[in-house]
Amino acid sequence: MVVRCLDGPDNLGIVLIERANPPHGLALPGGFVDIGESVEAAAVREMKEEIGLDVTLTELLGVYSDPDRDPRGHCVSVVFTGTANGRPAADSDAQSVHLFAPDQVPLADLVFDHAQILSDYLNWIDTP
């Protein structure tokens, strides 16, 4: 999920986590859908568990399904955008949490296909 923190000045930006589990590296926060759960409810729950924030979903950015996108196996991601207030805190699968201004996101350091997802997001927010 692409989460933007809205309050600041120290809490503005896109949330990225440093993964505690392999593959290690920077990533968008996220997780898996539980049986009987909608993807929307899973997204909100996973943000609370992973970064400690109550997130408001704003848009569906896209569905990412390349079979090679996750080295652990074929995994499809439904990527939402969302906003939150407050300071994110690492929890669950996150070793640490970071906030980046949109033009400061270190795309080359991201795991999975998260550089592509964030590039799509940055192009989307720049589209009039």
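This section describes the largest pocket of a predicted model, the setting of Glu 46 and the state of two cysteines.

The largest pocket encloses about 680 Å³ of space. Its lining comprises 32 residues, of which Pro 29, Gly 30, Gly 31, Phe 32 and Ser 77 lie closest to the pocket centre. Four elements of secondary structure, namely strand S2 (13-19), helix H1, strand S5 (77-84) and helix H2 (114-126), contribute at least two lining residues each. The largest share comes from H1, which supplies six residues. Classified by residue type, the lining of the largest pocket consists of 19 nonpolar, six polar and seven charged residues.

Glu 46 is located in helix H1, which spans residues 39-51. The relative accessibility of Glu 46 is 9%, and this residue is therefore classed as buried, the cut-off being under 20%. When residues up to four places away in sequence are set aside, the contacts of Glu 46 are with Gly 30, Gly 31, Phe 32 and Ile 51. Gly 30, Gly 31 and Phe 32 are also among the residues closest to the centre of the largest pocket.

Two cysteines were examined for burial. Cys 5 has a relative accessible area of 3% and is therefore buried. Cys 75, with a relative accessible area of 16%, is likewise assigned to the buried class, because that value falls under the 20% limit. With sulfur atoms required to lie within 2.5 Å of each other, the number of disulfides in the model is zero.

Conventions
Residues are numbered from 1 along each chain as its sequence is written. This is a predicted model: local features need pLDDT of at least 70, side-chain atom pairs count only at pLDDT 80 or more; totals for chains, interfaces and linings use all residues. Side-chain values use heavy atoms; hydrogens and water are left out. Buried means under 20% relative accessible area, exposed over 50%, partly exposed in between (1.4 Å probe, protein chains only). Contact means heavy atoms within 4.5 Å. On a 1 Å grid over the protein atoms alone, a cavity is a set of points where a 1.4 Å probe fits but cannot get out, and a pocket is an open set with protein on both sides within 12 Å along at least five of seven lines; lining residues have an atom within 4 Å of a point. Grid points are joined across faces, edges and corners, and a volume is the space filled by probe spheres set on the points. Ala, Val, Leu, Ile, Met, Phe, Trp, Tyr, Cys and Pro count as nonpolar, Asp, Glu, Lys and Arg as charged, and the others, Gly among them, as polar.
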